[in-house]
Each structure stands twice: as structure tokens, then as C-alpha cells.
Amino acid sequence: MIRPLVPLVALALVAAPAVARADDPVATYALIVGSNAGGPGQADLRFAEDDARNVATVLGELGGVTPAAIDVVVHPTPDLVRDRITKLGERVAADAAAGRQSRVIFYYSGHARASAIDLGGDQLPLEELRQRLFAVPATLTVVVLDACQSGAFSRVKGAAPAADFSFSSREHLDASGVAVLASSSGSELSQESEQLRSSYFTHNLLVGLRGAGDENGDGQVSLDEAYRYAYHQTLLATAETAVGGQHVTFEADLKGHGEVALSFPRAATSAIILPAKLEGQTLVENKHAHTVVAETYKAKGAPVRIAVAPGEYEVLVRHGDQLSRCELGGGGEVDLERCSTESVRATATKGGGFERPTRIEISMFVGGDSSDGYTDNLTAFGYSQDFLALAGGLSLTGLRQVTPRWWAGGLLAAESLPGWSRTVAGSTATQELSLSTYTIAAVARAEQPIGGGVSLYAQLAAGLGIGHTDLKGADNMTYGHTTEGPAFSVGAGFHFEPRIFRGVGASVGWQYDYAPDIKDLIGDTHAAGGIRASWSLTYGF
Amino acid sequence: MKSKFASLLLLAAAASQLGSTDCGQVLRDPGFDLWCGDSLCAWQLERGNIARVPTWDAGDPGVSFVGDDVAIAQLSPVTSADGTCIKYQMITNIDDNATVWLNIDVEGDGSFEYKQQVGASTWQPVAYHLYVQAPFDGIQFELAKTGPGNAVFAQIQVTIDDDANCSSQRPIIAAPRPDGAVCGVDSDCRSSLCSASQYGICESCDSTLGTVCPSGQVCGYESPTSSVLAASYACVADGAKQLAENCVLDEECATGICNGVCSTCITSAGCPNGETCGQAWTTPNADGTVRSIGPSVCAPNSSLQVAGAPCASDDDCASSSCVGTVRSQCDDGRACATAADCPFDTEPNENGLQNGPCNTVGVQGGSCQ
């Protein structure tokens with residue numbers, strides 16, 4: 001999924017001291033906006049609002065923001081956003097009047113264009129958003145935008161674009177100014193991940209804030225560290241997708257000196273510690289929620305501490321062709337010696353693109369036969385259908401995943417239809433008719449995961465059908481006849497692909513086929529098909 | 001002598017009443033699928049020319065009537081014992097300008113009791129019912145086309161149906177029947193004689209009823225004129241039948257001896273030089289019974305007969321040459337020229353619609369060279 005407007009984090013720092021904890025004299029407010037709704041010509045996003053909630057959770061758990069200071073807005077309208085910014089400004093102004101410094105974090109996840117963010121069918125111009133946010137009299141304002149082309153927002157007055165990820169905010173500490181963190185450049189698209197159930201940028205930003213981004217090991221993740229972590233991980237994760245690499249941008253106009261801390265993972269009561277010697281692609285999954293808490297590449301050399309909520313977690317570490325599976329209850333250090341290890345095929349991408357975008361299916365299907373003018377004619381001519389009037393066949397389907405939910409491809413199928421026969425009265429001579437049909441068709445399939453490796457699918461196919469009959473005549477000669485016609489199929493079913501089998505799966509489904517491709521010499525047509533049950537073996541790679 | 005003949009006649013008459021169908025089908029090869037070269041194997045070409053043409057599939061042929069006057073026919077052994085309500089279904093492709101008829105000849109004696117025009121059609125199945133009044137021994141179905149236009153028959157399935165389905169049909173009544181046909185009353189017969197003593201068979205004379213034949217004739221065996229008819233009685237010339245011809249009275253035979261078939265002896269006492277009187281030819285069945293009926297001759301198949309002596313086969317003669325008329329006969333002993341002259345198999349199987357064989361068995365009226 002692509003976000004038409006990228007996340008933009010604009011950090012406006014005004015006379016910023018070090019980021020305050022909850023008990024600091026500096027008040028911290030977070031206005032978090034998430035919108036799945038797409039505007040005209042835009043598909044709905046799937047995880048923007050979830051991302052907003054996750055950001056609120058991490059800021060509450062690790063960012064020192066009290067629940068009362070966190071305002072989460074989903075399904076927003078422009079007026080609602082304006083209203084919440086106004087109220088935020090009033091609270092900050094009250095603090096200022098009381099001599100209390102304040103810090104504001106504004107997060108937006110949703111659709112956007114180069115000149116506005118899209119809130120369903122309405123737009124909020126970036127210029128207006130900028131003006132309203134900067135009008136809030138906070139000591140420090142951080143703006144994070146996760147949307148396509150969100151880099152366009154960073155044209156903040158006076159902001160100096162960073163050259164690359166090596167930008168360090170340390171030299172600007174204690175300076176007032178503006179900083180903008182955006183999920184992509186002004187011309188790029190931002191992407192969501194079906195596997196992460198999040199946008200790549202927000203997921204990596206939050207993993208960084210949970211501790212993976214703590215480069216210097218001081219127990220807190222600074223704005224600079226969060227940016228560098230998000231930059232690297234997002235670029236790595238998106239490099240192999242169809243859309244291409246996504247570059248997180250960071251621009252700031254800061255005055256003063258001092259490190260701006262965004263989270264304090266060391267203060268968390270529960271954490272998963274990846275030891276110094278551990279190396280490999282690492283995935284932390286909440287076992288009960290079945291959600292990916294963190295996915296990161298852990299380099300050897302220094303331990304990484306990832307703060308998590310108390311609970312049970314499974315940590316998967318893939319290195320080369322080995323996969324270590326570690327169970328952790330309530331956090332703790334991953335001890336590879338105590339993890340189960342299995343061999344895997346190194347085919348998965350690191351969160352980029354689709355895990356197995358190509359699938360081959362071999363299917364068997366069985367069903368009945370339909371009655372029509374052709375079969376009525378056979379009956380009139382004295383033929384009788386075989387006792388078990390079953391049709392059955394095999395098909396080979398190739399599919400390519402084109403979006404998280406959609407697959408496209410083609411199929412080849414061969415089907416044998418129930419035979420017909422008759423005995424010539426007054427003799428032992430018989431006439432036996434066999435019918436078969438062959439199909440080549442394009443396939444479009446929608447798949448919706450429903451959990452446990454099971455997906456619900458619906459499929460349409462259309463193409464060319466070739467019908468063939470062989471009639472063994474009373475003279476013992478066989479007369480072949482080949483005709484053609486359109487072929488259609490609609491079906492639905494379940495696809496099961498357990499992770500343990502690495503791409504091998506199975507499907508069971510139902511389909512209705514209609515292929516009027518068998519024709520006789522006197523103008524009757526038989527529509528091969530009808531209702532069929534199907535079973536498939538699948539292999540994805 | 002007459003008692004033996006009467007038994008044979010009885011059997012033949014009874015057999016003719018059994019009728020024959022194949023799972024209800026009355027006609028052999030109703031789909032015109034059996035071709036012997038350019039001819040239909042099971043249908044008789046009466047007039048004109050026919051051709052094999054594809055119907056719904058090239059492997060399921062039909063018959064095309066070529067020319068302005070074409071007819072094919074098939075005599076079915078269906079009898080009133082099988083049923084009197086007959087349903088037929090046809091699938092045809094007939095041009096508007098073609099005139100096509102289905103003609104019904106009860107008993108197959110050449111007199112058509114019913115004619116129905118078959119309308120133009122393009123492979124559309126049509127069905128009709130016929131009610132044929134009992135009794136009858138068989139029906140000849142004739143398909144005929146006159147005039148221009150194409151006509152193709154793909155199917156004519158004729159089956160026995162429930163009488164209830166013919167309740168509204170006007171009965172088809174057979175014309176006065178020929179000798180050998182079943183009958184109920186005298187008026188059923190052309191001869192006006194329905195013999196009760198012969199289980200309701202039309203015949204031309206009946207000695208038991210005191211029929212008097214013209215001078216020089218006797219009331220003797222009359223061969224059936226159709227495969228569905230039985231043998232009967234008629235006035236025949238005295239001593240005119242040759243050795244091996246069917247007979248009922250000694251007077252019919254030139255040899256003066258009738259043993260069901262004109263013979264030269266009845267017992268060995270009638271043979272010279274201690275020769276044995278025996279059957280000139282028999283064909284044993286698998287169960288040991290004798291299938292063919294042949295004349296009784298002295299020293300059959302012994303190559304003892306001298307030149308000029310009567311014989312029934314070459315093996316009878318010292319010269320190994322018996323000169324006369326080739327004798328062919330059906331399994332029931334009646335003379336035949338082709339299988340079409342022989343009765344149908346009475347078993348309800350795939351041969352039930354097929355005539356029995358016509359086998360060459362020996363020589364009729366022969367004498368040794």
C-alpha cells in the first residue's frame with residue numbers, strides 16, 4: 001500500500017532544553033492524527049490509523065508523555081484538526097503564561113499530496129497546517145509526517161535540508177528553530193507493509209524509539225538517533241519493493257545546543273535484549289496479539305535493548321539459512337543457545353515487496369455436467385450418459401502478487417466430461433462419445449488473510465476454451481471433432497500456507513465454470529462446466 | 001403323414017406369434033449406423049439411391065435420399081403379442097420442397113394400410129403414435145421420398161408403447177391377410193378361411209373341413225411368402241414336388257413318399273440291398289439336437305448311388321456328383337433364397353431383430369451323374 005503523502009515530522013524547536021520526562025518541569029503534548037480514508041483517486045490505507053495509535057502507545061510508554069497530554073484523532077476532517085490544534089495552542093499558551101516550558105509532538109499518518117494532506121474527501125493545505133502548528137507557542141515543536149511526498153512539507157521557513165542521514169542535530173542542541181522529519185522525499189511515495197501491518201517508516205521509527213535506535217547506549221533515543229535508524233531501516237526494507245527505496249528526510253532550523261531525546265527505553269519495565277554477539281534479521285512478535293513489535297537487522301558488536309510492554313514474545317532470528325526461534329516471557333535477553341533452530345530457504349525479503357510474490361498451483365477439480373441443447377440432442381438420438389456422470393480435470397495456475405490483496409496470472413486446464421453411449425438396436429455395435437475441454441485463461445484473484453496462515457480468496461478467470469469430442473462409430477472408426485469458444489470461471493475458497501513449510505500450501509475451494517466450447521454439426525452447443533469442488537497444492541517463491 | 005406336418009406348422013405358427021423386439025426397439029439399426037459398403041445393412045433399398053451423410057457428428061451417420069424417387073424399407077417382426085400401440089420418433093433434415101412419406105404395411109404383404117407425410121424439419125425430433133389392430137405378425141416400415149429437395153433421416157426409433165397412449169388413435173386395420181398370417185375370423189383372410197385347427201392361421205384349404213381341391217391337386221403344404229408368415233395349406237399339384245421339397249402328403253411328391261420333406265424312403269425296409277434309410281443332411285446344434293430338416297434317402301452320404309439314382313447331396317453318389325437344384329433353407333426347414341426369407345430370432349436379444357440364417361444344405365430334386 002502506498003501513502004500518497006509521506007509522514008512528515010517537523011520538529012520545531014524553540015529554545016529547546018533537553019527533552020523532558022513526565023516529571024520534568026517541561027510539559028509535553030502529543031497531537032496524533034491518523035486517517036485511512038483516501039481522497040478522489042486514492043485507495044484507502046490499511047494501517048495509518050493503527051500507526052497513529054501505536055505512536056501514541058510508544059510515546060506514552062517510553063516518551064514521557066502523560067495520557068492526558070496525548071490527543072489521538074482518527075477519521076479526521078480538516079475542521080477537526082484545526083480545532084484540535086487550536087485547543088493544543090490554548091493549553092500551551094496557558095503553560096507559557098504560568099512560566100512553564102512545553103514541547104509539542106505532532107504526528108500525521110495518512111494520504112497527502114505535495115500541497116495538502118488528504119482527510120477523506122477534504123484537504124488541509126500544508127501551508128495552513130504549517131502556520132497553525134508554528135503558531136502554537138511551544139518551547140519545542142516536533143512534526144512527524146508519514147505520507148507520500150511528505151518531504152514537501154519540510155519547506156519550513158528557515159529550515160536547512162540535511163545533506164543525508166549523517167546529519168547530526170547534536171551541534172544544534174539548545175538552539176531554537178524548526179525540525180521536520182518526513183517519511184519520504186518530496187517526490188517519493190510512502191509504503192505500507194502487509195507483513196508489518198504498518199507503514200515501513202512508522203514501524204521503523206517506533207522500533208528505533210523502543211531502543212533499537214539507541215546507538216550510544218545511553219538508554220535514550222534522541223531525535224538524531226531515531227532519524228538515522230528510521231532512515232537506514234526504511235531504505236533497506238523498501239529497496240526490494242516494486243515502488244522502490246523510500247528515503248526518510250530530516251530538516252531542521254535549530255538554535256542552541258543539547259541532545260533532543262524522544263524516548264527513554266531504559267526506563268521501561270520490560271525489554272527484550274538482543275545480545276552483542278547476535279547477528280541477523282530479527283523479528284519480535286507479540287505472541288498473543290500476533291503483531292510484529294519490531295523487525296530489524298541486528299548487527300554484531302553491541303547489544304540492542306528493545307523496550308516492550310509486559311507479555312510473551314517470540315523472537316525469530318534469521319541468519320543465512322538458519323532460523324532461530326526464541327520464546328521470551330516478560331522480556332529478557334535472547335539466548336540463542338536456548339532457542340530452537342531450523343533450516344530455512346533464504347527467499348524472504350526484509351519486509352520489502354511480497355514475501356513470496358509468485359505462486360504455482362496444481363489443482364484437481366470434480367463436478368457434474370450441465371444439460372443443454374447439445375445433451376438434449378444426444379438423448380434424442382438415443383444416447384445415454386455414463387452412470388457416474390462426473391466431470392473432472394487438472395489445472396496448472398501461475399500467479400503473481402501485484403498488491404497485498406491481489407494476484408494476477410494465467411491457467412491451463414484440461415477436463416474430461418461424462419461420456420455418452422448407445423447400442424445400435426438389433427446388433428452388438430455400440431457408439432461411444434467422449435468429451436473433453438481445454439482452457440487457457442487469465443486469472444485475477446483477491447486474497448484476504450484471516451489468520452493462522454489461512455486466507456480467503458475469490459477468483460475470476462476468462463479465456464479461450466477448446467472443446468474436443470471423439471465418437472467411436474458403429475464401424476469402429478473414431479471420429480474426432482474440435483471446436484472452440486469462450487471460457488469463464490468464478491470461484492472462492494481457502495488457501496492455507498503454514499510458515500513451517502516455507503511456501504508450500506494447499507487450497508480447497510468451489511468454482512463455477514462455464515465454457516460453451518463443445519459444438520456439434522447441427523448447431524447445438526454444450527457448455528462444459530458447472531459447479532466444481534477443487535483441491536490444490538501450491539508453491540510460492 | 002399329416003400329423004407330423006401339422007406339428008411343424010403349429011410350431012411355425014406359434015413362433016410367429018412370439019414377436020421380437022430389442023429392449024422395446026422394433027427396428028434394427030434405427031439410426032442408420034450399420035453400412036455395408038454404400039448400402040444399409042439392415043434396410044432394404046426399394047427404389048433409387050441413398051448415401052451415407054453425417055448428422056450431428058461425422059461418426060453418427062444418417063441416410064440421404066438421392067434422387068426424385070427413393071425408398072428404403074425394413075420388415076419388423078413385431079407382432080400383436082408385443083403390443084398394438086406403436087410409438088415412433090424421427091429426427092430428420094428435410095427440405096421444404098421434399099415430399100417424404102412413412103408407409104406402413106401390416107404383415108409386409110405389399111399392401112400399405114397407412115401413409116403419413118413427414119414434414120420439413122431441421123433436426124427437430126418428432127414423435128407419433130400408431131394403433132395397429134390385432135392380430136398381426138409383422139409390420140413393414142417404408143421411408144420414401146419423391147420429387148426434388150434433400151431429405152436426410154438420422155433416426156427412426158420405433159417402440160412399443162402403453163396402449164393408453166394410443167387410445168385416441170384410429171386403428172390401422174390390416175388388409176385381408178395372406179395365407180400363413182394369424183387370423184381371428186374368416187374375414188381376416190384373403191382366402192376367407194381362418195383355420196381353427198391350425199391355431200388361427202389363414203389358409204386356402206383345410207382337409208379337415210372337407211375342402212375339395214380341383215382335379216389333379218391336393219390340399220398340401222404351402223411355403224410361407226414372408227419371413228413373418230407361417231406355412232399353411234393350399235391346393236397343390238399332385239406329385240409336383242421334388243425330392244427335398246417341403247410337403248404334407250405323399251401325393252405332393254414326385255417320389256410318392258413324404259416325410260415332412262419329399263423323400264425316397266421312410267424306413268430302411270424301403271431301401272434295396274440292406275441299405276439304411278436316413279436323413280440326407282442334418283446340422284447338429286451344440287446341444288445335440290438337429291437343426292436342419294432334410295429328406296430321408298437310402299444310404300445317405302455313402303457314395304453308393306449309381307448314375308440316375310435320386311440323391312440329395314454329392315456324397316450320396318458313387319460319382320460324387322448329384323445334379324439338381326441347390327437347396328437352401330432356414331433353420332425351420334423352409335426353403336429360402338436369402339436370410340430375409342427366414343424367420344426372425346425369437347430370443348429377446350440383440351439378434352431378435354435379425355433374420356435367421358439361410359443355409360445351403362444340399363440338392364433338391366437331384367440325381368446322380
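**View 1. The β7–β8 hairpin of chain A, in a predicted model.** G120(A) takes a positive phi near 65° in the hairpin of β7(A) and β8(A). Two residues lie between these strands. Strand β7 covers residues 116-119 of chain A, and strand β8 covers residues 122-125. The two run antiparallel and are joined by four bridges. In this pairing, A116(A) of β7(A) faces P125(A) in β8(A).

**View 2. The β6–β7 hairpin of chain A.** Strand β6 of chain A spans residues 111-112. β6(A) pairs with β7(A) in the antiparallel sense, over two bridges. Three residues separate the strands of this hairpin. H111(A) sits opposite D118(A) in β7(A).

**View 3. The two faces of strand β7(A).** Both faces are covered. A116(A) and D118(A) lie on one side, and both are buried. I117(A) and L119(A) lie on the other side and are buried too. Two of these residues recur from the views above: D118(A) stands opposite H111(A), and A116(A) stands opposite P125(A).

**View 4. The contact between chains A and B.** Chain A brings 23 residues to the contact, and chain B brings 26 residues. On the side of chain A that touches chain B, the elements giving two or more residues are α6 (373-380), β32 (454-472) and β33 (478-496) of chain A. β32(A) gives the most, with three residues. By class, this side of chain A has eleven nonpolar residues, nine polar and three charged.

Conventions: Residues numbered from 1 in each chain as written. Chains lettered and ligands numbered in written order. Predicted model: local features only at pLDDT ≥ 70, side-chain atom pairs only at ≥ 80, totals over all residues. Contact = placed C-beta atoms within 7 Å. Nonpolar A, V, L, I, M, F, W, Y, C, P; charged D, E, K, R; others polar. Buried ≥ 20, exposed ≤ 12 C-beta atoms within 10 Å, placed from the backbone. Pairing = 2+ DSSP bridges.
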